[in-house]
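Me: I'm new to this one and would like a slow, close look at one part of it. Could you show me the whole thing, then talk me through the piece you pick?

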Amino acid sequence: MDAKTTDSAPFLDRLEAVDTDQPDWAAALRRAGLAVYREEGLPHAKVEAWKYTRLDGLTRSAFEPGISAPDGITVPDGRIADMAGAHRLVFVNGCYRAELSDDGLADEGIEIVNLGKPGAAPGWVAEHMGRVLDLDGMPLAALNAALWGDGVAIKLADGAQLQKPLHLIFLAAASTPAMFQSRHLLIAGRDSRAAVIESHLGLEGAPTFSNSVVEMILEEDAVLDHAKLVDETEHAYHIAATALSLAGQARYNGFVLTLGGRVVRNETRVRLAAAGAECCLAGAYVADGEAHVDNTVFIDHAGPGAASRVVFKGVIGDTARGVFQGKTLVRQYAQKTDGHQLHKALLLSSGAEVNAKPELEIYADDVKCGHGATAAQLDEDMVFYLLARGIPEAQARQLLTEAFLGDVVDEIASPEIAAAMSAALTRRLAGINADHGA
Amino acid sequence: MALLEIQDLHVEVAGKEILRGISLDVEAGKVHAIMGPNGSGKSTLSHVLAGRSGYDVTGGSVRYDGSDLLQMNADERARKGVFLAFQYPVEIPGVTTTTFLRQALNAGRRERGEPERDAMEFVKVIRRKTKELGITDDLLKRPVNVGFSGGEKKRNEILQMAILEPRLAVLDETDSGLDIDALKVVSDGINAQRSDDRGVLLITHYQRLLDYVVPDRVHVLAQGCIVKSGGKELALELEKSGYAEFLDAAAA
């Protein structure tokens, strides 16, 4: 492979670190990724999909793959999503760590496969990996396809029920700049049911660059509850693409909570392929300091009678920036589509910024679709009302900020996940208004 | 020393003088009523006492319990026992009335060095008071004032006063927009606040409320000045003759 790094396409020399003993499917995925990444390179200002999120800073640190974490690393239980009783799989700097993870699941009809050695992966991985996410126009996902090193593949047989939520915990901890590209696959068979939570945590240290891809396939009548918590360090780049394909009557309940990171991009791409498929995707973010948080959502109504609901809310302070790009595409034959998206931002300081770009592209003529975006500041009449009852200003602002984000947590279908996300938000907000209250 | 001592208070809003030298003492144990037409500065006075921003005090002083009230932030005033019942209570989506009341109560308790009340204790504290004010449990679970009727909002103000037990209550047109039943409930709530160590400043446009909450003193505010003070009979006089003569007097 020609793995030449250029100014516009950095990191390709890191391919040397990739194991060359690859099965055909993995080699093909790498080639495809390499081709797209070499063609498109790191996105620049003129690339529409990345207009608001610049990655120039990535080339300022000498990110290297294969950086090991400090010895004796443990999972910081107080910061991950509080999912007591979940089955844990722990990754450190992109690599699976068996000694930090729970032992194999014995649930009937569930297969969990580590992808660190692709040669050992079963046929269903070979068959589906790379089939959900189209790499064209996705240069970072292409970079992941070229360089990915580890990950997990999960398969639920038809009718299988995951007894415990699966908690994927990703820790980033390095003493020199580290990059890691993990890649994951989930196949939920017909009428299966699962809950998957991701916690991405940065521990203090050198800058990190996590570039991950998750592909999920929901077959007929499958139901997946999925939540992702991102709490990286203020030096971390966290770029993630989650691609889903839903068959008829399948239901996806997703939630994306971003609490920390220098540059975070959560891109979710959902294809509703058949009648009755339903996607409810919500998210919240808290950005302060110089953080840049981008939630990009693409909903593709490719089959008739499917429903999508996308609701994101963000709280932005200091000189942080929030970005929301939401596009709902309704293809010509996707009649009776019900598609809605909404973004609301709360700006806590005069230096805070938000860019929201909701888009509807509709080719069918019998649909119910809508979108909206608002940006506002805390209502000073509300603040005064709380002050006039003796509630200290920082506490009053926190209460109102939590209230602003509260109803987006209500979008979460699973009470257990909702409680975990709500608790993580409350912990995070306890800090932010103390700085902005004065 | 009176509980509240206002001395020659001058206040401007956006460069325009609204209060033009007000002096008033409210002693503990007394109810003072301030009456006046629209635009006389009644609400400005209540907001300045509560510490709302946007009001420039250009002269005079306000002392509360011997301390300089104007030096305190709004939340500190409230924790020290100054309560404003709002003319237009604010709706706060996403914050339940119970959470709000408990945080307010505990903020005051912390200030006084008393232990905070947990959720269970708090429910006991408010149960009796809600019953007296005809406030249902359902209302407590709803977000603060959201979707409340005008009467419910005013009852909620009185409930907050009953729970926070302030030393000085300033009620800004709490009677406006109430039907006769609600007016009785609210008046009972205000009368329950009366005690030897507490003062009440009732701000109202109409005499009606004063049939139920009988004041010790009545002051007429017109064009930013107190133009007349007297006993409870002054309110009846106003009801008959209206404010016209006072407007002329203030303008002269």
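**A helix end and a helix pair**

Reply: Right after H4(B), B:Gly134 has a positive phi of about 65°. This is a predicted model, where local features need pLDDT of at least 70 and side-chain atom pairs count only at pLDDT 80 or more, while totals for chains, interfaces and linings use all residues. Residues count from 1 along each chain as its sequence is written, with chains lettered from A and ligands numbered from 1 in the order written.

H4(B) itself covers residues 119-132 (helices are DSSP runs of H or I, at least four residues, numbered from the N terminus). Its 14 residues reach 21 Å from first C-alpha to last, close to the 20 Å expected at 1.5 Å a residue (1.5 Å times one less than the residue count). There's a bend of about 30° at B:Ile126, taken between axes fitted to the seven residues ending there and the seven starting there.

Now over to chain A. Helices H4 (residues 380-387) and H5 (residues 393-409) pack at about 130°, axes 9 Å apart; axes are lines fitted to C-alpha atoms over the stretch in contact, and angles run from 0 to 180 degrees between N-to-C directions. That makes H4(A) oblique to H5(A), as angles under 35 degrees are roughly parallel, over 145 roughly antiparallel, 65 to 115 roughly perpendicular and the rest oblique. A:Met382, A:Val383, A:Leu386 and A:Leu387 of H4(A) meet H5(A) residues including A:Ala396 and A:Leu400 (contact means C-beta atoms, placed from the backbone, within 7 Å).

Conventions. Helix = DSSP H or I, 4+ residues; strand = E, 2+ residues; numbered from the N terminus. Contact = placed C-beta atoms within 7 Å.
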